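Thanks for making time this morning. I have one structure to show, so please look at the screen.

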Amino acid sequence: MTKRAGFTLISTLVAIILLAVGMTTLAGASSNTIKMQTLAQNRTNAIALARSYMETVRTRDPWTIATESPVQLNADGSASSSGAFIRTLTVAVTRQDLLRIDVSVTYPRATQPVTIITSFFRGNALVAP
């Protein structure tokens with residue numbers, strides 16, 4: 001009886017199958033990582049857009065601030081009909097002269113929009129003498 005050295009056909013097939021399973025798992029993990037990075041970047045952009053617009057709203061005359069209809073935006077905040085982000089402004093009077101201002105930005109593949117909320121005191125209206 002002679003001793004054979006080397007790999008058998010079965011051990012080679014097992015090695016190939018294990019390699020294929022490992023490569024498929026690695027490709028899936030890489031794909032999932034890219035999806036999560038894209039989602040995180042979209043969320044970061046949405047937060048920046050909401051903060052920027054909230055600062056713009058806070059510079060307005062408190063007596064003229066009102067709810068606005070949704071606006072589509074690009075990632076840089078410019079209004080665009082093909083924009084991936086949707087911004088809404090909701091204003092509610094919670095108490096006399098106290099406003100609750102909500103700026104929400106919906107981004108691609110989001111389950112919930114990013115919302116920034118602030119309160120704004122209007123004070124008494126100026127009366128001309």
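I will go through the overall layout, then the helix, then a few single residues.

Keep in mind that this is a predicted model. The protein has one helix and four strands, and from the N terminus the order is α-β-β-β-β. There are 129 residues, of which 22% are buried. The accessible surface is about 9600 Å², with 60% of that belonging to carbon and sulfur atoms. On contacts: take those between residues at least 6 apart in sequence, and 41% of them join residues at least 24 apart.

Now the helix. α1 covers residues 9-58, which is 50 residues. From first C-alpha to last, α1 reaches 74 Å, close to the 74 Å expected at 1.5 Å a residue. Which residues of α1 are buried? They are N42, A46, L49, A50, Y53, M54 and V57. What do these buried residues pack against? The answer is β1, residues 68-73, β2, residues 85-95, β3, and β4, residues 114-121.

Y53, one of those buried residues of α1, also has a charged neighbour. R87 lies over the face of Y53, 3.6 Å from the ring centre. There is a second arrangement of this kind at W63, where the charged end of R122 sits over the ring, at 4.3 Å from its centre. As for aromatic pairs, a search of the whole structure finds zero.

Next, D102. This residue lies in strand β3, which runs over residues 98-106. Is D102 buried or exposed? Its relative accessibility is 15%, and buried means under 20%, so D102 counts as buried. What does the side chain of D102 make a polar contact with? The partner is the side chain of R100, at 3.0 Å. Leaving out residues up to four places away in sequence, D102 touches T88, L89 and T90, and also T115, I116 and I117.

Last, two backbone angles. Most residues other than glycine have a negative phi. D97 is not a glycine, and its phi is positive, about 65°. Where is D97? Its place is in the loop between β2 and β3. D97 has a relative accessibility of 13%, and therefore counts as buried.

The other case is R109, again a residue other than glycine, with a positive phi near 60°. R109 is found in the loop between β3 and β4. Is R109 buried or exposed? The relative accessible area of R109 is 71%, and the cut-off for exposed is over 50%, so R109 is exposed.

To recap on those two loop residues: D97 is buried, whereas R109 is exposed, and each has a positive phi. As for the helix, its buried residues pack against β1, β2, β3 and β4. That is what I have for today.

How values were computed
Residues are numbered from 1 along each chain as its sequence is written. This is a predicted model: local features need pLDDT of at least 70, side-chain atom pairs count only at pLDDT 80 or more; totals for chains, interfaces and linings use all residues. Side-chain values use heavy atoms; hydrogens and water are left out. Helices (H or I, at least four residues) and strands (E, at least two) are DSSP runs, numbered from the N terminus. Buried means under 20% relative accessible area, exposed over 50%, partly exposed in between (1.4 Å probe, protein chains only). A polar contact is a pair of N or O atoms within 3.5 Å; within protein, one must be able to donate a hydrogen and the other to accept it, and residues adjacent in sequence count only if both atoms are side-chain atoms. Contact means heavy atoms within 4.5 Å. Accessible areas come from the Shrake-Rupley method with a 1.4 Å probe; for residues, only the protein chains shown count as cover. The expected span of a helix is 1.5 Å times one less than its number of residues. Rings of Phe, Tyr and Trp (its six-membered ring) pair if their centres lie within 6.5 Å; planes under 30 degrees apart count as stacked, over 60 as edge-to-face and the rest as tilted. A charge sits over a ring if NZ of Lys or CZ of Arg is within 6 Å of the ring centre and within 35 degrees of the ring normal.
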